[in-house]
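Reader: Hi! Could you walk me through this one? I'd like to start with the overall picture and then poke at a few side chains.

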Amino acid sequence: MLQTLYDYFWWERLWLPVNLTWADLEDRDGRVYAKASDLYITLPLALLFLIVRYFFELYVATPLAALLNVKEKTRLRAPPNPTLEHFYLTGGKHPKQAEVELLSRQSGLSGRQVERWFRRRRNQDRPSLLKKFREASWRFTFYLIAFIAGMAVIVDKPWFYDMKKVWEGYPIQSTIPSQYWYYMIELSFYWSLLFSIASDVKRKDFKEQIIHHVATIILISFSWFANYIRAGTLIMALHDSSDYLLESAKMFNYAGWKNTCNNIFIVFAIVFIITRLVILPFWILHCTVVYPLELYPAFFGYYFFNSMMGVLQMLHIFWAYLILRMAHKFITGKQVEDERSDREETESSEGEEAPGGGGAKSRALANGHPILNNNHRKND
């Protein structure tokens, strides 16, 4: 049965144009073609990325945070209370009013004290500012290097300037070492993001991030073994072009460099809108949807690839909406926050702010983020 499923999965009519077989993509005459087995290396490389990330955050990002004076807010800790702690771990972090009254009777605290305990306990679990800075530093470093490497891979290729050449001779297009390593490293990095997403800072678009990572992994993998490599390199470089700007804006945001963060965010928003809402749909998607049909009839792989591209495009529209909403607040002079972050709950109205908690700077925090007083947000 497994062999039957395997045969159906790799049926040429699914992934290749009519009259072509996998035998046509076997290495010969010094020409090397992409193979699905090449992708096995991405899993150990993903684990290597996680190891490199650990040491990067420890020995590069942490000293950099100290250099930029990234400071933590002093958070009031919830006093030990077995009754409330048990409910927090098993019943939920946001008890309803009836549950607050029951917990009040069980713990001997007033309802107001129970609510305050849960606020402090939730804040204890929120990621620290240093953790967010480390993550942003790691992603900034990767995306910047990946963008530079991606441009080096494609800038001298004829299909970078003439999109019709993306499909010239398809799928009998041999690969070169730079394309191989660009693909393997990008795919390995997204595997590492998927592996670490549960322990990374969790934002409101957590589900969208999972969908994005899974769609990206599927898209990169498929474009490799179906030899959509020319289109794939263009798409990956396009995505990396704005992601490093976002991560650098977040780094300066966490460091309290508001003007620098604001300026970088403006550049990021412009680049994001141009690349994701203009170039991607009207150039890249036009290239992958229209041009192939001039060479061969549509087949399952054609529909599959463009469907996954459609999923990514919908996510881009969702994130563009958040970016434009923040940009509107920025232009109108309203207070701007990271739309994807939960607010850190404050007790300042009750006189509960921790002494020496960093003053106004620390109070202007949302889920550990300094409120983006006219600043911002990935890739990832």
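Author: Happy to; we can go from the overall make-up to confidence, the core and some single residues.

Reader: Great. How many helices and strands are there in the secondary structure?

Author: This is a predicted model, and its secondary structure comes to 13 helices and 2 strands. Of the 380 residues in the protein, 48% are buried. The exposed surface is about 18,400 Å², with carbon and sulfur atoms supplying 64% of it.

Reader: And the confidence, where is it lowest and where highest?

Author: The mean pLDDT of the protein is 84, and 87% of the residues reach 70 or more. Confidence is highest in H3, at 96, and lowest in strand S1 (residues 365-366), at a mean of 34. Over residues 348-380 pLDDT stays under 50, and for that stretch the model has 115 contacts beyond four places in sequence.

Reader: Good to know. On to the largest nonpolar core: which residues have the most contacts inside it?

Author: Those are Trp167, Tyr228, Ile284 and Met309, in a core of 67 residues. The elements that give two or more residues to this core include helix H3 (42-67), helix H10 (229-255) and helix H11 (258-289). Helix H12 gives the most, with 11 residues.

Reader: What does Trp167 touch?

Author: Leaving out residues up to four places away in sequence, Trp167 touches Gln173, Tyr228, Cys287, Thr288, Tyr291, Pro292, Leu295 and Tyr296.

Reader: Switching to rings now. How many aromatic pairs does a search of the whole structure find?

Author: The search finds 44 aromatic pairs. One of them joins Phe87 and Phe118: the pair is edge-to-face, 6.0 Å centre to centre, with 85 degrees between the planes.

Reader: Why does that pair tie together parts that are apart in sequence?

Author: Phe87 lies in helix H4 (residues 82-90) and Phe118 in helix H6 (residues 111-125), so the pair links parts 31 residues apart in sequence.

Reader: Is Phe87 buried or exposed? And what about Phe118, buried or exposed?

Author: Phe87 has a relative accessible area of 16%, so this ring's residue falls under the 20% cut-off and is buried. Phe118 is buried too, at 1% relative accessibility.

Reader: Last one, a polar residue: where is Ser242?

Author: Ser242 is in helix H10. Ser242 is buried, with a relative accessible area of 0%.

Reader: What does Ser242 touch?

Author: Not counting residues up to four places away in sequence, Ser242 touches Phe268, Val271, Phe272, Thr275 and Arg276.

Reader: Lovely, thanks!

Notes: Residues are numbered from 1 along each chain as its sequence is written. This is a predicted model: local features need pLDDT of at least 70, side-chain atom pairs count only at pLDDT 80 or more; totals for chains, interfaces and linings use all residues. Side-chain values use heavy atoms; hydrogens and water are left out. Rings of Phe, Tyr and Trp (its six-membered ring) pair if their centres lie within 6.5 Å; planes under 30 degrees apart count as stacked, over 60 as edge-to-face and the rest as tilted. Helices (H or I, at least four residues) and strands (E, at least two) are DSSP runs, numbered from the N terminus. Buried means under 20% relative accessible area, exposed over 50%, partly exposed in between (1.4 Å probe, protein chains only). A nonpolar core is a set of buried Ala, Val, Leu, Ile, Met, Phe, Trp, Tyr and Cys residues joined through side-chain atoms within 4.5 Å. Contact means heavy atoms within 4.5 Å. Accessible areas come from the Shrake-Rupley method with a 1.4 Å probe; for residues, only the protein chains shown count as cover. pLDDT is the predictor's confidence in each residue, from 0 to 100.
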